[in-house]
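Trainee: I would like a close look at a single part of this model, taken slowly and with the reasoning spelled out. Could you walk me through one helix and what surrounds it?

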Amino acid sequence: MNRTLILLKRSTVPAVTARTSAFISENPQSVRPIMIRYGHVPESLQNSLPIPVFAPPSVPKRRLVMDSYNWLRSKGILKSELAWGEMVQEGLL
């Protein structure tokens, strides 16, 4: 498989993600062959696989992030003390 590395500035990633998500959501049948090929979809599912509709990128809800973070800390999975602003970059979107 031929792979190409694409480097993007951090600030361009949300815009590229938003455009890509919108394109897939608006053109599901045109992306089906790409999803089948690169998603390694079994032949028996290739015609019936639903193509997802993507919501525009957005900052996650503070409570959801903090609940997940606190759970991971309580289990000892995360050791670092982090604040909301260190985990989520609100101005990026």
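Mentor: Bear in mind that this is a predicted model, and let us take helix 3, which runs over residues 62–74. Its length is a sensible place to begin: at 1.5 Å a residue, the 13 residues of helix 3 should span 18 Å, and the C-alpha atoms at its ends are indeed 18 Å apart, so expectation and model agree.

Turning to the side chains, Val65, Met66 and Tyr69 are buried in helix 3, and because these buried residues fall within an arc of 90 degrees when seen down the helix axis, they line one face of the helix. The background to such a pattern is that an α-helix has 3.6 residues a turn, so residues three or four places apart point the same way. Part of what covers the buried residues of helix 3 is helix 4, residues 84–87, whereas on the other side of helix 3 the residues Arg63, Leu64 and Ser74 are exposed.

Beyond the helix comes Gly76, whose phi is positive, near 80 degrees. Leu78 lies in the loop between helix 3 and helix 4, and with a relative accessibility of 32%, which lies between the limits of 20% for buried and 50% for exposed, Leu78 counts as partly exposed. Together with Trp71 and Ile77, Leu78 forms a nonpolar patch on the surface, and the accessible area of these residues together is about 300 Å².

Definitions and conventions: Residues numbered from 1 in each chain as written. Predicted model: local features only at pLDDT ≥ 70, side-chain atom pairs only at ≥ 80, totals over all residues. Heavy atoms only, no water. Helix = DSSP H or I, 4+ residues; strand = E, 2+ residues; numbered from the N terminus. Expected span 1.5 Å × (residues − 1). Buried < 20%, exposed > 50% of the residue type's maximum accessible area, 1.4 Å probe, protein only. Arc of directions from axis to C-beta. Contact = heavy atoms within 4.5 Å. Patch = residues over 30% accessible without salt bridge, like charges linked within 9 Å, V, L, I, M, F, W, Y side chains within 5 Å. Areas by Shrake-Rupley, 256 points an atom, 1.4 Å probe, with all protein chains shown as cover. Salt bridge = Lys/Arg side-chain N within 4 Å of Asp/Glu carboxyl O.
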